[in-house]
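Got a model open and wondering how to read its surface, pockets and backbone? Let's walk through it together.

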Amino acid sequence: MTAVWLTIALVAAASATLKAAGPLLLGDRELGPRATAVIALLAPALLTALVLVDTITAGRRLVVDARLAGVAAAGVALLLRAPVLVVLAVAVATTALLRLLAG
C-alpha cells in the first residue's frame, strides 16, 4: 500500500469518525452557519490536496499537466458555484480528455 492510499484510508476513517461523533456530542443542537460552511468545504479541500500531492509526485510531465488542468477546471466550476459532484465530474472529464488527446 502506497503512502497516498494510506492517507486516503486514514482521511476516510477520520471523516467517518467525525460524522458519527457530531450527533453524539451535539445532541439536538445545530451548528452555526459559519461552522457548517467550513465543514462543507473540507471534503473538496482534502480531495484537491490529495490530487495535488499525487500530481507533484507523479513524475511524468503529461500526467502532471492533465491533472493540473483538471484541478483548474474544478476551480472554475467552483467559482461558478456548481455543486460538488458537478465540480468533481468536470475535473475528471477534463483530465481524461487531455490524456486521451495526448495519446
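What follows is a short dialogue between a learner and a teacher.

Q: Where do I start: how many helices and strands are there in the protein chain?

A: Start with the fold elements, and keep in mind that this is a predicted model. The protein chain has four helices and zero strands. Read from the N terminus, the order is simply α-α-α-α.

Q: And what share of the residues of the protein chain counts as buried?

A: Burial is read from relative accessible area, with under 20% as the cut-off for buried. Here 13% of the 103 residues in the protein chain count as buried.

Q: Next, pockets. How much space lies in the largest pocket, and which residues are closest to its centre?

A: For a pocket, look at the volume, then at who lines it. The largest pocket holds about 600 Å³ of space. It has 18 lining residues, and Ser15, Leu18, Lys19, Ile39 and Leu42 are the ones closest to the centre. Two elements, α1 (3-26) and α2, each give two or more residues to that lining. The biggest contributor is α1, with ten residues.

Q: What does the lining of the largest pocket look like by class?

A: Sort the lining residues into nonpolar, polar and charged. For the largest pocket you get 14 nonpolar, three polar and one charged.

Q: How does the second largest pocket read: how much space lies there, and what lines it?

A: Same recipe. There is about 460 Å³ of space in the second largest pocket. Its lining has 18 residues, with Leu47, Val51, Ala74, Leu88 and Ala91 nearest the centre. At least two lining residues come from each of α2, α3 (61-79) and α4, and α4 has the largest share with seven. By class, the count is 13 nonpolar, four polar and one charged.

Q: Which residues make the nonpolar surface patch?

A: A patch is read as a group of residues plus an area. This one covers about 430 Å² and is built from Leu47, Val51, Leu85, Leu88 and Val92. Both α2 (33-58) and α4 (84-102) supply at least two of its residues. Helix α4 gives the most, three residues, and Val92 is found in that helix. Notice the overlap: Leu47, Val51 and Leu88 belong to the patch, and they are also among the residues nearest the centre of the second largest pocket.

Q: Let me zoom in on Val51. Why does Val51 count as partly exposed rather than buried or exposed?

A: Compare its accessibility with the cut-offs: under 20% is buried, over 50% is exposed, and the rest is partly exposed. Val51, in helix α2, counts as partly exposed because its relative accessibility is 30%.

Q: How far from Val51 is Arg67?

A: Compare separation along the chain with separation in space. Val51 and Arg67 are 16 residues apart along the chain, and their C-alpha atoms are separated by 7.6 Å. Arg67 sits in helix α3 and is buried, with a relative accessible area of 19%. Arg67 also pairs up with Leu98 for the same kind of reading: 31 residues apart in sequence, 8.9 Å apart C-alpha to C-alpha.

Q: Last one, the backbone. What is phi of Arg81?

A: Most residues other than glycine have a negative phi. Arg81 has a positive phi, near 60°. You'll find Arg81 in the loop between α3 and α4, where it is exposed, with a relative accessible area of 76%.

Terms used
Residues numbered from 1 in each chain as written. Predicted model: local features only at pLDDT ≥ 70, side-chain atom pairs only at ≥ 80, totals over all residues. Heavy atoms only, no water. Patch = residues over 30% accessible without salt bridge, like charges linked within 9 Å, V, L, I, M, F, W, Y side chains within 5 Å. Areas by Shrake-Rupley, 256 points an atom, 1.4 Å probe, with all protein chains shown as cover. Salt bridge = Lys/Arg side-chain N within 4 Å of Asp/Glu carboxyl O. 1 Å grid on protein atoms, 1.4 Å probe; cavity = no way out; pocket = protein on both sides within 12 Å on 5 of 7 lines; lining within 4 Å. Points joined across faces, edges and corners; volume = space filled by probe spheres on them. Nonpolar A, V, L, I, M, F, W, Y, C, P; charged D, E, K, R; others polar. Buried < 20%, exposed > 50% of the residue type's maximum accessible area, 1.4 Å probe, protein only.
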